[in-house]
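Colleague: I've got this model open and would like a close look at the sheet. Could you walk me through the way the strands are laid out, and what sits around them?

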Amino acid sequence: NSIIIILQEVQSRIQKHSSNLFRRPFITLSYAQSLDGSISASNSAATQISGKKSQQLTHALRAAHDAILIGVGTMIADNPSLTVREVSGPNPKPIIVDTLLRSPLSNKLFQQDPKPILVVSNQLEHNTTKKDTIKHLQNLGVQILFCETDPLTQKINLSSMFRLLLSEYNIKSILVEGGAQIITSLINNSSLSHSLIDDVIIMLSPIFIGGLRPLPSNSKTLKPVAFPKLKNIKSFQLDESDIVISGSFISSNSRL
């Protein structure tokens with residue numbers, strides 16, 4: 001069974017990672033895309049791309065990780081539950097990267113357990129305009145993680161965030177499911193010298209969408225020698241349509 005093989009390999013790498021004194025959690029990047037690289041028809045609504053078997057793999061991966069991470073854009077567009085439903089297993093801890101605290105208070109994630117961790121800019125820690133929102137979320141049981149931002153992009157510093165999630169919440173493994181901005185940031189922060197990603201698992205569906213892609217043409221340009229590359233590449237056909245491609249980054253530096 002292809003799903004079992006992929007799952008066993010990920011679990012083995014998570015266990016090996018956790019047994020060492022690394023400074024950040026094990027990070028798995030996983031998402032579904034069309035043949036033209038689209039992960040959604042638009043950035044305002046969810047698009048079902050993958051088939052039943054791919055969905056089962058996604059949910060099995062959720063159950064295998066301590067936490068699941070998405071960006072606030074995906075939260076607003078999809079209002080996801082991020083629970084494990086297609087297989088048996090525990091629900092991961094949701095993590096929402098929300099630099100400016102834009103999360104709708106009516107979102108499903110604030111009404112269910114486990115309650116999410118909301119990662120926001122440390123500049124909001126003493127912001128009076130967000131004080132009531134932060135207090136309301138905390139009263140709901142939501143944990144607020146104030147994190148430094150990149151001085152150039154004003155987005156959450158992902159390296160710092162991962163270190164804090166391990167040191168303050170003991171989260172040892174994270175499944176990153178998107179959306180496009182989070183995927184772009186992670187990959188743009190990866191090169192031959194270092195990477196914040198350990199494993200990549202992509203479900204490829206034989207359709208053309210012409211929609212939202214995780215690496216737009218205006219994203220950071222790297223010289224060809226520094227393009228992020230994968231090793232230990234495997235591919236499986238899950239059913240009559242979807243193909244899964246998995247691998248690990250050539251130089252994932254867990255001590256960053």
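Modeller: Here is a tour of the sheet, from its layout to the helices and side chains around it.

Bear in mind that this is a predicted model. The sheet is an open one built from 9 strands, and if you read across it the order is β5-β4-β3-β2-β6-β1-β7-β9-β8, with mixed pairing. The edges belong to β5 (143-147) and β8; each has a single partner strand, so one side of each is left without a neighbour in the sheet. Neighbouring strands are turned against each other by 20° on average, if you ignore direction.

Let's go to β6 (173-178). It's mostly covered, with 6 of its 6 residues buried. On one hand it pairs with β2 (67-71): these two run parallel and 4 bridges join them. If you want a spot to look at on your screen, Ala67 stands opposite Ile174 in β6. On the other hand, β6 pairs with β1, again in the parallel sense and over 4 bridges. There, Thr28 stands opposite Leu175 in β6.

Carry on to β1 itself, residues 26-34, which also pairs with β7 in the parallel sense, this time over 7 bridges. Ser30 is the residue to click on here, as it stands opposite Ile201 in β7. Helix α5 (residues 158-169) packs on the sheet and touches β1, β2, β3 (93-97), β4, β5 and β6. Its direction makes about 135° with that of β5.

Now for a residue in β4, the strand that covers residues 117-121: have a look at Val120. It's buried, because its relative accessible area is just 1%, and the cut-off for buried is under 20%. What does Val120 touch, leaving aside residues up to four places away in sequence? The list is Asp98, Thr99, Leu101, Ile144, Leu145, Phe146, Cys147 and Ile156. Of these, Ile144, Leu145, Phe146 and Cys147 fall within the 143-147 range of edge strand β5. Lys155 is 35 residues from Val120 along the chain, and their C-alpha atoms are separated by 9.3 Å.

Over at β7 and β8, salt bridges come into the picture. The structure holds 6 of them, and two involve helix α1 (residues 2-18). One joins the side chains of Lys234 and Glu9, at 3.6 Å from N to O. Lys234 is in strand β8 and Glu9 in helix α1, so this pair links distant parts of the chain, 225 residues apart. Both partners are partly exposed: Lys234 has a relative accessible area of 31%, and Glu9 comes in at 32%.

The other is between Asp199 and Arg13, with the closest N and O atoms 2.7 Å apart. Asp199 lies in strand β7 and Arg13 in helix α1, so the pair ties together parts that are 186 residues apart in sequence. Here the two ends get different labels: Asp199 is buried, with a relative accessible area of 6%, whereas Arg13 counts as partly exposed at 31%.

While you're at that side, find Ile243 in strand β9 (residues 243-249). It's partly exposed, with a relative accessible area of 33%. Together with Ile233 and Ile245, Ile243 makes a nonpolar surface patch of about 240 Å². It helps to remember that in a regular strand the side chains alternate between the two faces of the sheet.

One loop is worth a stop as well: the one between β7 (199-205) and β8 (230-237), where you'll find Gly211. Gly211 counts as partly exposed, at 24% relative accessibility. Not counting residues up to four places away in sequence, Gly211 touches Asp36, Ser38, Ser40 and Ala41. Thr47 is 164 residues from Gly211 along the chain, yet their C-alpha atoms are separated by 9.8 Å.

Before you close the window, one more salt bridge: Lys115 forms one with Asp113, and the closest N and O atoms are 3.1 Å apart. Are these two buried or exposed? Lys115 counts as buried, at 15% relative accessibility, while Asp113 is exposed, with a relative accessible area of 58%.

How values were computed: Residues are numbered from 1 along each chain as its sequence is written. This is a predicted model: local features need pLDDT of at least 70, side-chain atom pairs count only at pLDDT 80 or more; totals for chains, interfaces and linings use all residues. Side-chain values use heavy atoms; hydrogens and water are left out. Buried means under 20% relative accessible area, exposed over 50%, partly exposed in between (1.4 Å probe, protein chains only). Contact means heavy atoms within 4.5 Å. Patches are made of residues with over 30% relative accessible area and no salt bridge: like charges are joined within 9 Å, nonpolar side chains (Val, Leu, Ile, Met, Phe, Trp, Tyr) within 5 Å. Accessible areas come from the Shrake-Rupley method with a 1.4 Å probe; for residues, only the protein chains shown count as cover. A salt bridge is a side-chain nitrogen of Lys or Arg within 4 Å of a carboxyl oxygen of Asp or Glu. Two strands pair if DSSP finds at least two bridges between them. Axes are lines fitted to C-alpha atoms, for helices over the stretch in contact, and angles run from 0 to 180 degrees between N-to-C directions.
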